[in-house]
Amino acid sequence: MSAEEIKAKAEAKAKAVDPKEVTVDIATVEMLKKAAADGCETIFDRALTMKPCNIGEQGTCCKNCAQGPCRLPLTKKQTEGKDDRKGLCGATPETIAARNFARMVAAGAAAHSDHGRGVAEVFLAAARKETHDYGIKDAEKLLEIAPDFGVATTIVVDGEEKERDIYEIAEEVGVKALGQWGQQDGEIYYAKRAPEARYELWKKLDVIPRGIDREIVEIMHRTHMGVDQDYHNIVKQCSRAALADGWAGSMIATDLQDVMFGTPYPIQGEINLGVLKADHVNIIVHGHEPLLSEMIVVASQDPEMLSYAATKGAKGIVLAGMCCTANEILVRHGLPIAGNYLQQELAIVTGAVDAMVVDVQCIMENLANLAMCYHTKVITTNPRAMIESGDTLHIEFDEHNALEDAKKIVKAAIDNYTNRKAMPLIPTAKEKMVVGFSYEAINYHLGGTFRGSYWPLNDNIINGRIRGIGGVVGCNNARTMHDSAHLIVVKELLKNDVIVLTTGCNAMACGKAGLLTPEAAKVYCGPGLAEVCETVGIPPVLHMGSCVDNSRILMAATQVVKAGGLGKDISDLPAAGCAPEWMSEKAISIGQYFVASGVYTLFGVTLPVSGAPRFQKHLFEELEGIYGGKWDLVEDPYEMAHRMIAHIDKKRKALGLDKAKERVLMDMADRQKLDAA
Ligand code: NFS
Ligand code: SF4
């Protein structure tokens, strides 16, 4: 070997991924070793060899016109007092960073809301009985949401009040819901769901979204070259578009999915790559929209499909989810989850996945390349999302022909079972969990009476057994150790008696670590929270669903405010939210709607704002004076948890709850007394 070759080899070795350094998940460690042995590259390798651009990371690279890219890094020179950085057009770093940030909000809000639009369209088709495959599963929820759209649930005939036909109600709700996307003036319907004080504040600040699409388009207009050049004003539009996501696009998606597929209630499930089975056909549904996966659930259980699988020598069909599609089918059907975002490539590396069926969002293009190393068929299904790389199959999914299309997909997976190249190697790791805590389910479970109520939760917060509420959500990010920050933050909160609400990839990290079981309470929680969880029989971390279901957290917070005793607005609550390992633009939209709803919201890893100090100050400090909520960036997960706890304590103090009032935990009789009152 020449000196150069030796040097190159040493460098390559130095750059090789050490699995234990990049993840805390044992199944992931095992599959990273296999990937290396098989000579297949994953995102973990690429994260080592390619570093992020320092200017983009600061948020100060502008390519909004062809005179750029104008790159304005913050260097020592500026921090020493003078800052005269300007783009060719004169744009300041604040204008550039705010515009970039706003475009992330627009993209995130668009992704959630376009998902919501698809749901509303199918809902309307189901209401009109134009498709046989979808229908109304939860009529009670439909009756609950109809008044929010101004749709009557009863009708007066000959002076007598009668129930209206459920499909008639659904059609009217569907038309009005779908109208929210193209609405030009007025207010989105669900703005009024917020606590009154919050609604009034939004009104005063003039940020109530007029219509979903309009607010997103307006961001794109305002951030075009030479339009909005005041970062305060740009952030105001970020709030409008983000609120249109949280309180309309996402919230409508959640509600209509619940009506069509059922509102989640606590159910058992299993998680991690160990859910795959070597002697079964393994199908992974990956992406975000339950419209497709709900049908694949049906198709994969079809006797005709099962006997077809048997003809190929398979003992059955395993259908498992990946990313938020997984959360959707888990919380409604208890179907297993194969893993979270950073495990998608590794599922293919097992060599056991016969089809990876994808729709939209969080799907890595490299899946197609990896599928070539193994035998997996990557099947795209949505006209919005095709993959050019590799040998991907496109089977378009049409809601009007949903079950037939789903069967075609399942059949393609079965046909691929006999093409496996080598013996699969499936990690044994998997964990049991209890999931499906919609805000309705929390109501029911914590209420524990015939009439559900959030009062027992409030009462336990007031008496100090529960210190506060932490929302921990969001992605994995290959720039930080897989699942590590998620688990540190959550465990630190639990230890300090903060109950955790979770969605998305954090929920999956918690599931894999065994935090989503009632038994976790006595292992991880402080004494107060442990006692409450054990009495009620719930896990200390409540899995509320997918990222679109962050709208459920907004509704839960609203219910807590309305139950009384903890202030008049979401911003009064002893609560905080965080996304320790975020990466997606959707997370930025979610962060902004939480901030605009009054929540202190902390992100980990990085935020593209550091190159624009005044804009950063606006997000991290000034917004609190406007919305009662603000952004923060904390890389250290311990520090993140403790800043959340400090904020919770600050809110407790403002509510006069700093001196923990010791009270007996309510028993059944107390609760009945309360209910009778
Ligand atoms: Ni949310 Fe869910 Fe996961 Fe992040 Fe992606 S799957 S929608 S975006 S990576 S949490
Ligand atoms: Fe440069 Fe201004 Fe064009 Fe951005 S909009 S690329 S800052 S000239």
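**Two ligand sites in a predicted model**

Ligand 1 lies between domain 2 (273–419) and domain 3 (431–676), because both domains give residues to the shell around it; the domain bounds come from an automatic or database assignment. The structure is a predicted model, in which local features need pLDDT of at least 70 and side-chain atom pairs count only at pLDDT 80 or more, while totals for chains, interfaces and linings use all residues. Residues are numbered from 1 along each chain as its sequence is written, ligands are numbered from 1 in the order in which they are written, and side-chain values use heavy atoms, with hydrogens and water left out.

The shell around ligand 1 includes His288, Tyr341, Met583, Ser584 and Lys586, together with cysteines such as Cys323, Cys324 and Cys547; a residue belongs there if one of its heavy atoms lies within 4 Å of the ligand. Eight of the shell residues are nonpolar, three polar and one charged, where Ala, Val, Leu, Ile, Met, Phe, Trp, Tyr, Cys and Pro count as nonpolar, Asp, Glu, Lys and Arg as charged, and the others, Gly among them, as polar. Cys547 is buried, at 13% relative accessibility (buried means under 20% relative accessible area, with a 1.4 Å probe and protein chains only).

Turning to the second site, ligand 2 is surrounded by residues including Cys62, Cys65, Cys70, Cys89, Arg99 and Met225. This shell around ligand 2 likewise divides into eight nonpolar, three polar and one charged. Cys62 is buried too, with a relative accessible area of 10%.

For all the cysteines in these shells, how many disulfides does the structure hold? The structure holds zero, a disulfide being a pair of cysteine sulfur atoms within 2.5 Å.

Key: Buried < 20%, exposed > 50% of the residue type's maximum accessible area, 1.4 Å probe, protein only.
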